[in-house]
Amino acid sequence: MILKPDYNLVSLFDIDFKELKSQGINAVLFDLDSTVMPSKSGEYPDKVKLLLEELKQNFVVAIISNNKNKEYIEKVQAQSTFPVISHANKPSPKVMREFLRSVNVLPEAAVVVGDRPLTDILAGKLLGAKTILVDSITKDKENKPTRFVRKLERLVIRK
Ligand SMILES: [Mg+2]
């Protein structure tokens with residue numbers, strides 16, 4: 001099934017980046033909202049910021065977001081030492097593909113990490129990258145309708 005991610009994990013901190021590196025992965029493309037920071041917060045949780053900075057030692061790191069809010073993206077970019085790209089239009093893999101080309105990394109040497117199967121994971125699959133689905137970073141605080149949609153989306157990816 002095309003929407004099934006390579007890994008389905010609870011948190012960013014469950015990702016075994018050493019293992020990914022040993023599999024030849026050289027770039028990590030993160031989704032923004034609900035993946036590396038609470039949706040619309042514009043601020044990294046401290047330990048996520050640390051993780052991303054650490055990853056930069058071994059990987060090309062970027063955030064590739066469907067968000068179109070210029071001010072918001074600029075605010076996030078100001079806190080980041082790696083590219084934060086908006087208007088990604090996922091599940092189209094085009095923006096991700098262009099970014100990887102610009103840093104000279106092949107899609108098969110990249111991993112896409114996100115919280116949404118129908119945008120992040122599908123984009124990663126269409127790109128030809130590895131894919132990791134994580135739970136929303138604020139899963140426990142989300143309202144009922146949001147949790148319901150997430151549940152539905154995840155039903156699609158069950159084996
Ligand atoms: Mg997201």
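Here is a short tour of this predicted model, stop by stop.

**Stop 1: the sheet**

Switch to cartoon view and find the six strands, which form an open sheet with parallel pairing. Reading across, the order is 1-6-5-2-3-4. At the edges sit strand 1 (7–9) and strand 4 (84–85), each of which pairs on one side only. Strands like these pair through backbone hydrogen bonds, so turn on the backbone atoms if you want to look at the pairing.

Now zoom in on strand 1 and its partner, strand 6 (residues 130–134): they run in the parallel sense and share three bridges. Select N8, and you'll find L133 of strand 6 standing opposite.

**Stop 2: the magnesium ion**

Which residues hold the magnesium ion? Select D31, D33 and D115: D31 and D115 each coordinate through OD, while D33 uses its O, at 2.1 to 2.2 Å. Along the chain, these donors follow the spacing D-x1-D-x81-D. The pair D31 and D115 links distant parts of the chain, 84 residues apart. D31 is in the loop between strand 2 (27–30) and helix 2 (46–55), and D115 is in the loop between strand 5 (110–114) and helix 5 (117–127).

Are these two aspartates buried or exposed? D31 has a relative accessibility of 8%, so it counts as buried. D115 comes out at 2%, so it counts as buried too.

**Stop 3: the largest pocket**

Next, select S11, S136, I137, T138 and K139. Among the 18 residues lining the largest pocket, these lie nearest its centre. The pocket's volume is about 330 Å³. Colour the lining by class and you should get eight nonpolar, five polar and five charged residues.

**Stop 4: the nonpolar core**

In soluble globular proteins, nonpolar side chains tend to be buried together. For the largest nonpolar core here, show L12, I15, F17, F30, V36, Y44 and V113 as sticks: of its 28 residues, these touch the most other members. The elements giving two or more residues to this core include helix 1 (17–22), strand 3 (60–64) and helix 3 (70–78), along with strands 2, 5 and 6 and helix 2. Helix 2 gives the largest share, four residues.

**Stop 5: K4 and R154**

Finish at K4, in the segment before strand 1. K4 has a relative accessibility of 31%, so it counts as partly exposed. Add R154 to the selection: the two are 150 residues apart in sequence, but their C-alpha atoms are 9.2 Å apart in space.

Conventions: Residues numbered from 1 in each chain as written. Predicted model: local features only at pLDDT ≥ 70, side-chain atom pairs only at ≥ 80, totals over all residues. Heavy atoms only, no water. 1 Å grid on protein atoms, 1.4 Å probe; cavity = no way out; pocket = protein on both sides within 12 Å on 5 of 7 lines; lining within 4 Å. Points joined across faces, edges and corners; volume = space filled by probe spheres on them. Nonpolar A, V, L, I, M, F, W, Y, C, P; charged D, E, K, R; others polar. Donors = N, O, S within 2.8 Å, 3.2 Å for Na, K, Ca; no water. Buried < 20%, exposed > 50% of the residue type's maximum accessible area, 1.4 Å probe, protein only. Pairing = 2+ DSSP bridges. Core = buried A, V, L, I, M, F, W, Y, C linked by side-chain atoms within 4.5 Å.
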